[in-house]
Amino acid sequence: MDIRNIVILTGAGVSAESGLATFRGPDGLWEGHRVEDVCTPEAFARDPALVHAFYDARRAKLGSVEPNAAHRALARLDGQWPGDLLLVTQNVDDLHERAGSKRLIHMHGELKSGWCLACGERFRWEAAMGEQSSCPSCGSVGGVRPDIVWFGEMPYQMDRIEEAIRRCDLFVSIGTSGAVYPAAGFVQTARYCGARTLEMNLEPSLGSYLFDESRTGPASELVPRWVDDLLS
Ligand code: OAD
Ligand code: ZN
């Protein structure tokens, strides 16, 4: 089959070998909290200090990790692929862009972005964030939150993502457990629209049976091999 348009979905597994914890692995708890108990608007309303601490720790950790071979291979593919390509990541880290990926959407937001609930502006944010943080745009204090899509909130750029999936010839899912919708449902749209579907994950994901092909192993090995094949 001729492949021209590609959509790639990544999850926490692609960054695991860089040293960032996945959400649902054995190390998936954060100080005894399940992610579902921290990553919600309700948790932020109830205990903003806890939620800020969760994201501050993850943002700070970015300074000590590097993109791995999987991120680099995907950036190489982006640079060399002549057809349409869209990398949709559920990850809020910045490893794809640091590896050089350009055609990239952060559907769940970014650790290094802040969002002011008072004025609606979004802005780059590198430091710790807290209840006393003031908005660089309107100056108000208390309304700054992580620019992260929490459970119950709408992921970003869904129109662009859906459109790319409907037009793609190949849909590839890498390092995601398939536990969180709408991302977990992308494979069904891709299939329905006639795309070939491939999964690469350490173990079969929850939606493995929906893919034409499922390869198991570490992303740092599987992804460069797949990119080499595609570009040769
Ligand atoms: P999960 O932690 O649910 O799943 C990570 C997947 O990666 C698992 O299936 C692992 O087996 C696999 N994995 C681990 N190490 C790997 C490696 N070296 N190579 C390949 N695969 C590996 O993470 P996500 O599916 O990304 O949402 O989670 C989805 C969303 O749930 C996240 O974006 C986050 C979370 O709540 C938000 O922050 C909004
Ligand atoms: Zn503001």
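How many nonpolar, polar and charged residues make up the shell around ligand 1? Here are my notes on that and on the zinc site; please keep in mind that this is a predicted model.

1. To take the question straight away: by class, the shell of ligand 1 holds 9 nonpolar, 10 polar and 3 charged residues. In total, 22 residues surround this ligand, and the closest are Phe23, Arg24, Val149, Thr176 and Ser177.

2. As for location, the largest pocket is where ligand 1 sits.

3. The polar contacts of ligand 1 are worth a look in the viewer. An oxygen atom of the ligand lies 2.8 Å from a backbone N or O atom of Ala12. At Gly175, a polar backbone atom is 3.4 Å from an oxygen atom of ligand 1. Asn201 contributes through its side chain, with an N or O atom 2.9 Å from a ligand oxygen. Of the 800 Å² that ligand 1 exposes when taken alone, the protein buries 94%.

4. Turning to ligand 2, the zinc ion is coordinated by the SG atoms of Cys116, Cys119, Cys135 and Cys138, at 2.3 to 2.4 Å. Along the sequence, these donor residues follow the spacing C-x2-C-x15-C-x2-C.

5. Why is the arrangement around the zinc ion tetrahedral? Because its 4 donor atoms subtend angles of 103 to 113°, and the criterion asks for all angles to lie between 85 and 135 degrees.

How values were computed: Residues numbered from 1 in each chain as written. Chains lettered and ligands numbered in written order. Predicted model: local features only at pLDDT ≥ 70, side-chain atom pairs only at ≥ 80, totals over all residues. Heavy atoms only, no water. Near = heavy atom within 4 Å. Polar contact = N/O pair within 3.5 Å; in protein donor to acceptor, adjacent residues only side chain to side chain. Areas by Shrake-Rupley, 256 points an atom, 1.4 Å probe, with all protein chains shown as cover. 1 Å grid on protein atoms, 1.4 Å probe; cavity = no way out; pocket = protein on both sides within 12 Å on 5 of 7 lines; lining within 4 Å. Sits in = over half its atoms within 2 Å of the grid points. Nonpolar A, V, L, I, M, F, W, Y, C, P; charged D, E, K, R; others polar. Donors = N, O, S within 2.8 Å, 3.2 Å for Na, K, Ca; no water. Tetrahedral: all angles 85-135°; square planar, octahedral: opposite > 155°, others 65-115°.
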